[in-house]
Amino acid sequence: MKNFIHIIFILVLCSCHRKEISKVDRATYDKAYDFYDASQSDSAFTYFNKAKDELIEKGYHSFAGNCLVIMGIIQCEKGDYYGSQETALSAIKYLDEKKDSAELSANYNNLGIASQKLNEYEKAIVFHDNAAKFSTDIRNKLAQVNNKAVSYYSLKKYDSAINILNRALLSSDLKKYPTTYYRIYDNLAYTRFLKNKNYNVEQELFKALTIRDSINDITGLNASYFHLSDFFENRDPQKALFYANKMLDVSSKTQNADGKLAALQKIILLETPENTKIFFKKYQDLDDSLQIARNKSKSQFALERFGSEQLKVKNAKNEVEIFKRNIGLGALSIILVGGFFYYKRRKKRLQKENELKIKENELKISKKVHDVVANGIYQVMTKIENQEHFDRDKALDELEFVYEKSRDISYDKTDSNDKTEFHEKISGLIGSFKNDTVKTFLAGNSPNIWSDVNDSTQNEVYQVIRELLVNMKKHSQATLVAFKFERNNNLIQIQYTDNGVGIPGEIIHKNGLTNTVSRIEKIKGTVIFDTKTEKGLKVYISFPTS
(Lines give C-alpha, C1' and ligand atoms only; values in the text may rest on other atoms or scores of the structure.)
Protein backbone atom coordinates (compact mmCIF):
# COMPACT_ATOMS: atom_id res chain seq x y z
CA MET A 1 0.00 0.00 0.00
CA LYS A 2 1.45 3.39 -1.00
CA ASN A 3 2.29 5.92 1.70
CA PHE A 4 -0.51 8.49 1.99
CA ILE A 5 1.85 11.49 1.70
CA HIS A 6 3.56 9.92 -1.30
CA ILE A 7 0.18 9.61 -3.05
CA ILE A 8 -0.50 13.36 -2.68
CA PHE A 9 2.80 14.23 -4.33
CA ILE A 10 2.43 11.67 -7.11
CA LEU A 11 -0.91 13.26 -8.11
CA VAL A 12 0.77 16.66 -8.33
CA LEU A 13 3.66 15.31 -10.38
CA CYS A 14 1.34 13.52 -12.80
CA SER A 15 -0.56 16.72 -13.51
CA CYS A 16 2.64 18.72 -14.01
CA HIS A 17 4.48 16.59 -16.53
CA ARG A 18 2.41 14.62 -18.94
CA LYS A 19 1.60 17.54 -21.31
CA GLU A 20 4.99 19.19 -21.81
CA ILE A 21 6.82 16.91 -24.29
CA SER A 22 5.82 14.96 -27.38
CA LYS A 23 4.25 11.50 -27.11
CA VAL A 24 7.24 9.96 -28.88
CA ASP A 25 9.78 11.43 -26.49
CA ARG A 26 7.75 10.57 -23.42
CA ALA A 27 6.67 7.02 -24.46
CA THR A 28 8.86 5.19 -21.95
CA TYR A 29 8.15 7.83 -19.33
CA ASP A 30 4.36 7.42 -19.72
CA LYS A 31 4.65 3.64 -19.63
CA ALA A 32 6.53 3.91 -16.33
CA TYR A 33 3.73 6.05 -14.86
CA ASP A 34 1.13 3.54 -16.09
CA PHE A 35 2.92 0.73 -14.24
CA TYR A 36 3.16 2.83 -11.10
CA ASP A 37 -0.53 3.79 -11.24
CA ALA A 38 -1.31 0.05 -11.53
CA SER A 39 0.77 -0.60 -8.34
CA GLN A 40 3.36 -2.56 -10.36
CA SER A 41 6.28 -0.83 -8.64
CA ASP A 42 9.05 -3.15 -9.84
CA SER A 43 8.16 -2.65 -13.53
CA ALA A 44 7.64 1.06 -12.92
CA PHE A 45 11.15 1.38 -11.46
CA THR A 46 12.64 -0.40 -14.48
CA TYR A 47 10.90 1.91 -16.98
CA PHE A 48 11.56 5.10 -14.98
CA ASN A 49 15.25 4.14 -14.93
CA LYS A 50 15.21 3.56 -18.69
CA ALA A 51 13.22 6.76 -19.33
CA LYS A 52 15.65 8.76 -17.22
CA ASP A 53 18.59 7.81 -19.46
CA GLU A 54 16.60 8.55 -22.63
CA LEU A 55 15.46 11.94 -21.34
CA ILE A 56 18.97 12.99 -20.27
CA GLU A 57 20.24 12.11 -23.74
CA LYS A 58 17.47 14.20 -25.35
CA GLY A 59 18.09 17.15 -23.01
CA TYR A 60 14.89 16.89 -20.94
CA HIS A 61 16.64 17.25 -17.62
CA SER A 62 13.57 18.19 -15.58
CA PHE A 63 11.79 15.04 -16.75
CA ALA A 64 14.86 12.94 -15.98
CA GLY A 65 14.90 14.46 -12.49
CA ASN A 66 11.21 13.60 -12.14
CA CYS A 67 12.00 9.96 -13.00
CA LEU A 68 14.61 9.86 -10.24
CA VAL A 69 12.14 11.40 -7.77
CA ILE A 70 9.59 8.63 -8.41
CA MET A 71 12.32 5.96 -8.34
CA GLY A 72 13.37 7.22 -4.91
CA ILE A 73 9.75 7.12 -3.72
CA ILE A 74 9.37 3.52 -4.94
CA GLN A 75 12.54 2.50 -3.09
CA CYS A 76 11.27 4.15 0.09
CA GLU A 77 7.91 2.37 -0.21
CA LYS A 78 9.75 -0.96 -0.60
CA GLY A 79 11.92 -0.38 2.48
CA ASP A 80 15.18 0.46 0.66
CA TYR A 81 15.71 3.65 2.67
CA TYR A 82 19.43 4.16 2.04
CA GLY A 83 18.97 3.48 -1.68
CA SER A 84 16.02 5.88 -1.70
CA GLN A 85 18.15 8.65 -0.20
CA GLU A 86 20.90 8.07 -2.75
CA THR A 87 18.47 8.19 -5.69
CA ALA A 88 16.61 11.23 -4.34
CA LEU A 89 19.82 13.19 -3.79
CA SER A 90 20.96 12.41 -7.35
CA ALA A 91 17.68 13.90 -8.67
CA ILE A 92 18.36 17.40 -7.29
CA LYS A 93 21.01 18.32 -9.87
CA TYR A 94 18.49 17.82 -12.71
CA LEU A 95 15.75 20.01 -11.18
CA ASP A 96 15.37 23.78 -11.47
CA GLU A 97 14.29 25.58 -8.28
CA LYS A 98 11.86 27.85 -10.11
CA LYS A 99 10.45 25.56 -12.80
CA ASP A 100 10.45 22.27 -10.88
CA SER A 101 9.22 23.29 -7.43
CA ALA A 102 6.64 20.48 -7.26
CA GLU A 103 9.31 17.86 -8.04
CA LEU A 104 11.71 19.32 -5.50
CA SER A 105 8.98 19.41 -2.84
CA ALA A 106 8.12 15.74 -3.50
CA ASN A 107 11.80 14.80 -3.51
CA TYR A 108 12.60 16.51 -0.20
CA ASN A 109 9.43 15.04 1.30
CA ASN A 110 10.63 11.56 0.33
CA LEU A 111 14.07 12.26 1.80
CA GLY A 112 12.34 13.29 5.03
CA ILE A 113 10.26 10.08 5.16
CA ALA A 114 13.30 7.88 4.46
CA SER A 115 15.25 9.71 7.19
CA GLN A 116 12.41 9.16 9.67
CA LYS A 117 12.41 5.44 8.85
CA LEU A 118 16.15 5.40 9.61
CA ASN A 119 15.58 7.32 12.90
CA GLU A 120 17.55 10.27 11.51
CA TYR A 121 15.04 12.79 12.81
CA GLU A 122 17.26 15.89 12.74
CA LYS A 123 17.89 15.30 9.02
CA ALA A 124 14.19 14.64 8.48
CA ILE A 125 13.29 18.07 9.93
CA VAL A 126 15.67 19.80 7.50
CA PHE A 127 14.30 17.85 4.53
CA HIS A 128 10.66 18.57 5.45
CA ASP A 129 11.48 22.27 5.81
CA ASN A 130 12.88 22.21 2.27
CA ALA A 131 9.83 20.32 1.03
CA ALA A 132 7.52 22.98 2.48
CA LYS A 133 9.71 25.73 1.01
CA PHE A 134 9.17 24.44 -2.54
CA SER A 135 5.52 23.40 -2.09
CA THR A 136 2.86 25.55 -3.74
CA ASP A 137 -0.05 23.31 -2.68
CA ILE A 138 -1.64 24.00 0.72
CA ARG A 139 -2.41 20.34 1.34
CA ASN A 140 1.21 19.42 0.74
CA LYS A 141 2.41 22.20 3.05
CA LEU A 142 0.15 20.91 5.83
CA ALA A 143 1.46 17.40 5.25
CA GLN A 144 5.00 18.73 5.71
CA VAL A 145 3.97 20.43 8.96
CA ASN A 146 2.63 17.13 10.28
CA ASN A 147 5.75 15.18 9.22
CA LYS A 148 8.01 17.79 10.80
CA ALA A 149 6.04 17.58 14.07
CA VAL A 150 6.38 13.77 14.06
CA SER A 151 10.15 14.16 13.84
CA TYR A 152 10.12 16.61 16.75
CA TYR A 153 8.10 14.35 19.05
CA SER A 154 10.29 11.39 18.02
CA LEU A 155 13.19 13.48 19.37
CA LYS A 156 11.09 14.05 22.54
CA LYS A 157 10.90 17.77 21.73
CA TYR A 158 7.21 17.74 22.57
CA ASP A 159 6.71 21.49 22.99
CA SER A 160 8.08 22.18 19.50
CA ALA A 161 5.79 19.52 18.02
CA ILE A 162 2.74 20.83 19.90
CA ASN A 163 3.37 24.42 18.77
CA ILE A 164 3.69 23.36 15.12
CA LEU A 165 0.52 21.25 15.19
CA ASN A 166 -1.50 23.92 17.03
CA ARG A 167 -0.60 26.49 14.36
CA ALA A 168 -1.56 24.04 11.62
CA LEU A 169 -5.02 23.49 13.13
CA LEU A 170 -5.64 27.24 12.92
CA SER A 171 -5.31 27.16 9.11
CA SER A 172 -8.60 28.11 7.46
CA ASP A 173 -7.90 25.74 4.56
CA LEU A 174 -7.24 22.66 6.67
CA LYS A 175 -10.87 21.60 7.16
CA LYS A 176 -11.23 21.24 3.40
CA TYR A 177 -9.09 18.14 3.75
CA PRO A 178 -10.56 15.99 6.56
CA THR A 179 -7.95 13.24 6.15
CA THR A 180 -5.10 15.69 6.70
CA TYR A 181 -7.02 17.60 9.40
CA TYR A 182 -7.56 14.54 11.58
CA ARG A 183 -4.01 13.36 11.02
CA ILE A 184 -2.82 16.59 12.61
CA TYR A 185 -5.61 16.55 15.23
CA ASP A 186 -4.77 12.98 16.28
CA ASN A 187 -1.01 13.60 16.34
CA LEU A 188 -1.53 16.70 18.51
CA ALA A 189 -3.50 14.71 21.08
CA TYR A 190 -0.95 11.89 21.04
CA THR A 191 1.96 14.33 21.47
CA ARG A 192 0.26 15.87 24.51
CA PHE A 193 -0.05 12.38 25.95
CA LEU A 194 3.63 11.64 25.27
CA LYS A 195 4.61 14.86 27.02
CA ASN A 196 2.47 14.08 30.07
CA LYS A 197 1.38 10.44 30.50
CA ASN A 198 -1.23 11.57 33.04
CA TYR A 199 -2.92 13.85 30.50
CA ASN A 200 -6.29 12.41 29.46
CA VAL A 201 -6.69 12.56 25.67
CA GLU A 202 -9.14 9.68 25.35
CA GLN A 203 -11.97 11.81 23.89
CA GLU A 204 -9.69 13.49 21.35
CA LEU A 205 -8.16 10.20 20.20
CA PHE A 206 -11.59 8.56 19.99
CA LYS A 207 -12.99 11.50 18.00
CA ALA A 208 -10.19 11.18 15.45
CA LEU A 209 -10.86 7.42 15.24
CA THR A 210 -14.59 7.95 14.66
CA ILE A 211 -14.09 10.48 11.85
CA ARG A 212 -11.40 8.38 10.19
CA ASP A 213 -13.69 5.37 10.26
CA SER A 214 -16.53 7.38 8.71
CA ILE A 215 -14.36 8.59 5.80
CA ASN A 216 -12.65 5.18 5.39
CA ASP A 217 -9.17 6.58 6.10
CA ILE A 218 -7.43 3.20 6.52
CA THR A 219 -3.96 4.67 7.13
CA GLY A 220 -5.44 7.01 9.73
CA LEU A 221 -7.33 4.14 11.42
CA ASN A 222 -4.04 2.28 11.90
CA ALA A 223 -2.50 5.32 13.59
CA SER A 224 -5.58 5.86 15.79
CA TYR A 225 -5.65 2.24 16.94
CA PHE A 226 -1.93 2.41 17.79
CA HIS A 227 -2.29 5.68 19.71
CA LEU A 228 -5.32 4.41 21.67
CA SER A 229 -3.53 1.16 22.52
CA ASP A 230 -0.52 3.16 23.74
CA PHE A 231 -2.79 5.47 25.77
CA PHE A 232 -4.60 2.59 27.53
CA GLU A 233 -1.52 0.39 28.04
CA ASN A 234 -1.05 1.44 31.67
CA ARG A 235 -4.67 2.52 32.27
CA ASP A 236 -6.74 -0.37 30.99
CA PRO A 237 -4.66 -3.22 29.48
CA GLN A 238 -7.77 -4.96 28.13
CA LYS A 239 -8.74 -1.88 26.10
CA ALA A 240 -5.13 -1.51 24.98
CA LEU A 241 -5.18 -5.15 23.80
CA PHE A 242 -8.52 -4.58 22.03
CA TYR A 243 -7.16 -1.64 19.99
CA ALA A 244 -3.91 -3.50 19.23
CA ASN A 245 -5.98 -6.39 17.82
CA LYS A 246 -8.06 -3.91 15.78
CA MET A 247 -4.84 -2.51 14.33
CA LEU A 248 -3.65 -6.03 13.50
CA ASP A 249 -6.97 -6.78 11.77
CA VAL A 250 -6.91 -3.61 9.62
CA SER A 251 -3.22 -4.05 8.76
CA SER A 252 -3.83 -7.67 7.74
CA LYS A 253 -6.73 -6.73 5.47
CA THR A 254 -4.70 -3.99 3.75
CA GLN A 255 -1.48 -6.05 3.68
CA ASN A 256 0.35 -3.36 5.66
CA ALA A 257 3.34 -5.33 6.95
CA ASP A 258 4.80 -2.51 9.06
CA GLY A 259 1.41 -1.96 10.70
CA LYS A 260 1.10 -5.68 11.48
CA LEU A 261 4.57 -5.70 13.08
CA ALA A 262 3.70 -2.69 15.27
CA ALA A 263 0.40 -4.30 16.30
CA LEU A 264 2.06 -7.63 17.12
CA GLN A 265 4.66 -5.86 19.28
CA LYS A 266 1.85 -4.34 21.33
CA ILE A 267 -0.05 -7.63 21.58
CA ILE A 268 3.06 -9.52 22.76
CA LEU A 269 3.43 -7.08 25.67
CA LEU A 270 -0.28 -7.13 26.56
CA GLU A 271 -1.32 -10.77 26.05
CA THR A 272 -1.32 -13.47 28.72
CA PRO A 273 1.93 -15.49 29.03
CA GLU A 274 0.36 -18.59 27.47
CA ASN A 275 -0.63 -16.64 24.33
CA THR A 276 2.51 -14.53 24.04
CA LYS A 277 4.50 -17.34 22.41
CA ILE A 278 1.94 -17.67 19.60
CA PHE A 279 2.05 -13.98 18.73
CA PHE A 280 5.84 -13.83 19.08
CA LYS A 281 6.09 -16.63 16.48
CA LYS A 282 3.78 -14.66 14.15
CA TYR A 283 5.91 -11.55 14.69
CA GLN A 284 9.12 -13.44 14.01
CA ASP A 285 7.80 -15.07 10.82
CA LEU A 286 6.44 -11.76 9.50
CA ASP A 287 9.64 -9.87 10.34
CA ASP A 288 11.76 -12.51 8.58
CA SER A 289 9.60 -12.48 5.44
CA LEU A 290 9.55 -8.67 5.38
CA GLN A 291 13.34 -8.50 5.62
CA ILE A 292 13.69 -11.05 2.81
CA ALA A 293 11.30 -9.05 0.60
CA ARG A 294 13.09 -5.78 1.32
CA ASN A 295 16.52 -7.28 0.68
CA LYS A 296 15.22 -8.69 -2.61
CA SER A 297 13.93 -5.24 -3.62
CA LYS A 298 17.23 -3.60 -2.65
CA SER A 299 19.15 -6.08 -4.81
CA GLN A 300 16.76 -5.58 -7.74
CA PHE A 301 16.96 -1.78 -7.57
CA ALA A 302 20.74 -1.89 -7.30
CA LEU A 303 20.96 -4.20 -10.32
CA GLU A 304 18.67 -1.92 -12.33
CA ARG A 305 20.80 1.13 -11.59
CA PHE A 306 24.01 -0.83 -12.16
CA GLY A 307 22.75 -2.19 -15.49
CA SER A 308 21.91 1.32 -16.64
CA GLU A 309 25.37 2.58 -15.78
CA GLN A 310 26.96 -0.42 -17.49
CA LEU A 311 24.99 0.39 -20.64
CA LYS A 312 26.38 3.93 -20.58
CA VAL A 313 29.88 2.53 -20.21
CA LYS A 314 29.27 0.19 -23.14
CA ASN A 315 28.04 3.03 -25.35
CA ALA A 316 31.02 5.15 -24.37
CA LYS A 317 33.37 2.33 -25.28
CA ASN A 318 31.75 1.97 -28.68
CA GLU A 319 32.27 5.67 -29.34
CA VAL A 320 35.90 5.35 -28.33
CA GLU A 321 36.37 2.45 -30.72
CA ILE A 322 34.95 4.53 -33.57
CA PHE A 323 37.22 7.40 -32.59
CA LYS A 324 40.23 5.08 -32.55
CA ARG A 325 39.46 3.67 -36.00
CA ASN A 326 38.95 7.16 -37.48
CA ILE A 327 42.10 8.87 -36.20
CA GLY A 328 44.34 5.85 -35.49
CA LEU A 329 45.19 6.56 -31.87
CA GLY A 330 46.49 3.16 -30.89
CA ALA A 331 47.82 4.55 -27.64
CA LEU A 332 44.27 5.22 -26.51
CA SER A 333 43.50 1.54 -26.84
CA ILE A 334 46.37 0.63 -24.52
CA ILE A 335 45.20 3.16 -21.93
CA LEU A 336 41.64 1.83 -22.05
CA VAL A 337 42.74 -1.79 -21.71
CA GLY A 338 45.07 -0.94 -18.84
CA GLY A 339 42.35 1.08 -17.13
CA PHE A 340 39.88 -1.78 -17.58
CA PHE A 341 42.15 -4.33 -15.90
CA TYR A 342 43.01 -1.88 -13.14
CA TYR A 343 39.28 -1.31 -12.60
CA LYS A 344 38.65 -5.08 -12.47
CA ARG A 345 41.49 -5.68 -9.98
CA ARG A 346 40.42 -2.76 -7.84
CA LYS A 347 36.78 -3.87 -7.95
CA LYS A 348 37.78 -7.41 -6.93
CA ARG A 349 39.90 -6.07 -4.06
CA LEU A 350 37.11 -3.79 -2.86
CA GLN A 351 34.63 -6.65 -3.11
CA LYS A 352 36.84 -8.87 -0.94
CA GLU A 353 37.26 -6.06 1.57
CA ASN A 354 33.50 -5.54 1.63
CA GLU A 355 32.90 -9.28 2.14
CA LEU A 356 35.33 -9.27 5.07
CA LYS A 357 33.54 -6.27 6.58
CA ILE A 358 30.19 -8.03 6.19
CA LYS A 359 31.54 -11.18 7.88
CA GLU A 360 33.01 -9.13 10.71
CA ASN A 361 29.68 -7.31 11.14
CA GLU A 362 27.77 -10.62 11.13
CA LEU A 363 30.09 -12.00 13.83
CA LYS A 364 29.66 -8.80 15.83
CA ILE A 365 25.85 -8.95 15.58
CA SER A 366 25.86 -12.71 16.38
CA LYS A 367 27.92 -12.04 19.47
CA LYS A 368 25.57 -9.23 20.56
CA VAL A 369 22.50 -11.41 20.03
CA HIS A 370 24.09 -14.16 22.15
CA ASP A 371 25.10 -11.79 24.94
CA VAL A 372 22.14 -9.41 24.99
CA VAL A 373 19.18 -11.50 23.85
CA ALA A 374 20.00 -15.15 24.65
CA ASN A 375 21.74 -14.54 27.99
CA GLY A 376 19.29 -11.74 28.83
CA ILE A 377 16.29 -14.03 28.34
CA TYR A 378 18.03 -16.84 30.22
CA GLN A 379 18.65 -14.46 33.14
CA VAL A 380 14.93 -13.50 33.17
CA MET A 381 14.01 -17.21 33.09
CA THR A 382 16.35 -17.81 36.04
CA LYS A 383 14.70 -15.01 38.02
CA ILE A 384 11.23 -16.43 37.30
CA GLU A 385 12.41 -19.92 38.30
CA ASN A 386 13.85 -18.62 41.55
CA GLN A 387 10.81 -16.52 42.52
CA GLU A 388 8.31 -18.12 44.85
CA HIS A 389 5.54 -15.80 43.67
CA PHE A 390 5.61 -15.04 39.95
CA ASP A 391 5.28 -11.31 39.23
CA ARG A 392 3.92 -11.12 35.66
CA ASP A 393 4.27 -7.33 35.26
CA LYS A 394 7.88 -7.33 36.42
CA ALA A 395 8.72 -10.21 34.08
CA LEU A 396 7.06 -8.36 31.18
CA ASP A 397 9.07 -5.22 32.01
CA GLU A 398 12.30 -7.19 31.90
CA LEU A 399 11.34 -8.96 28.68
CA GLU A 400 10.43 -5.57 27.18
CA PHE A 401 13.89 -4.30 28.19
CA VAL A 402 15.52 -7.28 26.45
CA TYR A 403 13.29 -6.61 23.42
CA GLU A 404 14.35 -2.94 23.28
CA LYS A 405 18.00 -3.98 23.57
CA SER A 406 17.52 -6.45 20.68
CA ARG A 407 16.03 -3.62 18.55
CA ASP A 408 19.02 -1.44 19.42
CA ILE A 409 21.30 -4.12 17.93
CA SER A 410 19.74 -3.51 14.46
CA TYR A 411 20.62 0.20 14.72
CA ASP A 412 23.99 -0.49 16.40
CA LYS A 413 22.96 1.71 19.32
CA THR A 414 24.44 1.67 22.78
CA ASP A 415 22.51 2.04 25.98
CA SER A 416 23.21 5.53 27.29
CA ASN A 417 20.21 5.76 29.65
CA ASP A 418 21.24 3.18 32.26
CA LYS A 419 22.16 5.19 35.38
CA THR A 420 22.67 2.17 37.71
CA GLU A 421 26.08 2.09 39.36
CA PHE A 422 28.20 -0.72 37.96
CA HIS A 423 28.86 -2.44 41.29
CA GLU A 424 25.09 -2.56 41.82
CA LYS A 425 24.58 -4.11 38.38
CA ILE A 426 27.17 -6.78 39.22
CA SER A 427 25.53 -7.50 42.58
CA GLY A 428 22.09 -7.71 40.97
CA LEU A 429 23.36 -10.02 38.23
CA ILE A 430 25.04 -12.47 40.60
CA GLY A 431 22.13 -12.35 43.05
CA SER A 432 19.62 -13.20 40.30
CA PHE A 433 21.12 -16.72 40.03
CA LYS A 434 20.62 -17.46 43.72
CA ASN A 435 17.86 -19.93 44.65
CA ASP A 436 17.04 -22.74 47.09
CA THR A 437 19.71 -25.04 45.61
CA VAL A 438 22.35 -22.53 44.50
CA LYS A 439 23.95 -20.11 46.96
CA THR A 440 25.93 -17.18 45.56
CA PHE A 441 28.59 -15.22 47.47
CA LEU A 442 30.20 -11.94 46.59
CA ALA A 443 33.27 -10.22 48.09
CA GLY A 444 35.11 -7.03 47.31
CA ASN A 445 32.58 -5.54 44.87
CA SER A 446 32.84 -1.97 46.15
CA PRO A 447 32.30 1.20 44.11
CA ASN A 448 36.02 1.99 44.38
CA ILE A 449 36.89 -1.16 42.46
CA TRP A 450 35.24 0.22 39.32
CA SER A 451 36.26 3.88 39.53
CA ASP A 452 37.80 5.15 36.26
CA VAL A 453 36.92 1.88 34.43
CA ASN A 454 35.34 2.97 31.13
CA ASP A 455 31.88 1.90 29.90
CA SER A 456 33.27 -0.37 27.21
CA THR A 457 35.39 -2.37 29.65
CA GLN A 458 32.51 -2.52 32.16
CA ASN A 459 30.24 -3.96 29.47
CA GLU A 460 32.78 -6.67 28.57
CA VAL A 461 33.23 -7.62 32.24
CA TYR A 462 29.46 -7.75 32.78
CA GLN A 463 29.01 -10.08 29.80
CA VAL A 464 31.90 -12.32 31.01
CA ILE A 465 30.35 -12.67 34.49
CA ARG A 466 26.92 -13.41 33.01
CA GLU A 467 28.50 -16.02 30.67
CA LEU A 468 30.11 -17.78 33.66
CA LEU A 469 26.81 -17.77 35.57
CA VAL A 470 24.78 -19.04 32.61
CA ASN A 471 27.27 -21.88 32.03
CA MET A 472 27.20 -22.69 35.74
CA LYS A 473 23.39 -22.83 35.67
CA LYS A 474 23.29 -24.99 32.54
CA HIS A 475 26.17 -27.41 33.09
CA SER A 476 27.92 -27.39 36.48
CA GLN A 477 25.30 -28.73 38.96
CA ALA A 478 26.97 -26.41 41.47
CA THR A 479 25.39 -25.51 44.82
CA LEU A 480 27.95 -22.89 45.87
CA VAL A 481 29.21 -20.06 43.66
CA ALA A 482 31.59 -17.31 44.77
CA PHE A 483 33.05 -14.19 43.16
CA LYS A 484 35.95 -12.26 44.68
CA PHE A 485 37.01 -8.84 43.36
CA GLU A 486 40.36 -7.17 44.15
CA ARG A 487 42.18 -4.14 42.80
CA ASN A 488 45.94 -3.56 42.94
CA ASN A 489 46.77 -0.11 41.62
CA ASN A 490 45.56 -0.20 37.99
CA LEU A 491 44.96 -3.96 37.83
CA ILE A 492 41.59 -5.57 38.66
CA GLN A 493 41.51 -9.27 39.58
CA ILE A 494 38.39 -11.46 39.63
CA GLN A 495 38.28 -14.98 41.05
CA TYR A 496 35.33 -17.25 40.24
CA THR A 497 34.82 -20.49 42.16
CA ASP A 498 32.07 -23.14 42.16
CA ASN A 499 31.71 -26.66 43.57
CA GLY A 500 30.15 -28.20 40.46
CA VAL A 501 31.29 -31.04 38.25
CA GLY A 502 33.99 -28.91 36.66
CA ILE A 503 34.96 -28.60 33.02
CA PRO A 504 37.66 -30.75 31.40
CA GLY A 505 40.29 -28.51 29.84
CA GLU A 506 39.89 -29.90 26.36
CA ILE A 507 36.19 -28.92 26.12
CA ILE A 508 36.29 -25.44 27.66
CA HIS A 509 36.00 -23.82 24.25
CA LYS A 510 33.11 -26.08 23.33
CA ASN A 511 31.14 -24.99 26.38
CA GLY A 512 30.25 -21.46 25.33
CA LEU A 513 33.24 -19.99 27.20
CA THR A 514 35.18 -19.00 24.09
CA ASN A 515 33.45 -15.60 24.35
CA THR A 516 34.92 -15.21 27.84
CA VAL A 517 38.46 -15.58 26.51
CA SER A 518 37.92 -13.26 23.53
CA ARG A 519 36.27 -10.57 25.67
CA ILE A 520 39.07 -10.55 28.24
CA GLU A 521 41.69 -10.43 25.50
CA LYS A 522 39.78 -7.50 23.95
CA ILE A 523 40.33 -5.45 27.14
CA LYS A 524 44.01 -6.54 27.24
CA GLY A 525 43.48 -8.93 30.14
CA THR A 526 44.18 -12.59 30.88
CA VAL A 527 41.96 -15.49 31.91
CA ILE A 528 43.03 -18.81 33.42
CA PHE A 529 40.74 -21.84 33.84
CA ASP A 530 41.90 -24.06 36.71
CA THR A 531 40.58 -27.51 35.72
CA LYS A 532 42.91 -29.49 38.00
CA THR A 533 40.98 -28.96 41.22
CA GLU A 534 39.44 -32.06 42.77
CA LYS A 535 35.95 -30.70 42.35
CA GLY A 536 34.41 -27.66 40.76
CA LEU A 537 35.92 -24.92 38.65
CA LYS A 538 38.12 -21.92 39.35
CA VAL A 539 38.61 -19.06 36.92
CA TYR A 540 41.18 -16.30 37.43
CA ILE A 541 40.67 -13.08 35.47
CA SER A 542 42.80 -9.95 35.51
CA PHE A 543 42.77 -6.82 33.37
CA PRO A 544 44.03 -3.22 33.48
CA THR A 545 41.63 -0.41 34.36
CA SER A 546 42.63 1.58 31.28
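This passage looks at two loop residues and at a set of paired strands in a predicted model.

Backbone geometry offers a good place to start. Most residues other than glycine have a negative phi. Ser 39 has a phi near 60°, a positive value in a residue other than glycine. This serine sits in the loop that links helix H2 (27–37) to helix H3 (41–58). With a relative accessible area of 53%, Ser 39 is exposed, since exposed residues are those over 50%.

A second case comes from further along the chain. Lys 156, again a residue other than glycine, has a positive phi near 65°. The loop that holds Lys 156 runs between helix H8 (138–154) and helix H9 (158–169). Lys 156 counts as exposed too, with a relative accessibility of 64%.

The strands add another part of the picture, and here strand S5 (residues 537–544) is a helpful guide. Strand S3 (residues 491–498) pairs with S5 in the antiparallel sense, over 8 bridges. In this pairing, Asp 498 stands opposite Leu 537 of S5. Strand S4 (residues 526–530) also pairs with S5 in the antiparallel sense, over 5 bridges. Thr 526 has Ser 542 in S5 as its bridge partner. S5 is thus paired with S3 and with S4.

The connection between S4 and S5 deserves a word of its own. These two strands form a hairpin, with 6 residues between them. Within the turn, Gly 536 has a positive phi of about 90°. Here the positive value belongs to a glycine, whereas Ser 39 and Lys 156 are residues other than glycine.

Notes. Residues are numbered from 1 along each chain as its sequence is written. This is a predicted model: local features need pLDDT of at least 70, side-chain atom pairs count only at pLDDT 80 or more; totals for chains, interfaces and linings use all residues. Side-chain values use heavy atoms; hydrogens and water are left out. Helices (H or I, at least four residues) and strands (E, at least two) are DSSP runs, numbered from the N terminus. Buried means under 20% relative accessible area, exposed over 50%, partly exposed in between (1.4 Å probe, protein chains only). Two strands pair if DSSP finds at least two bridges between them.
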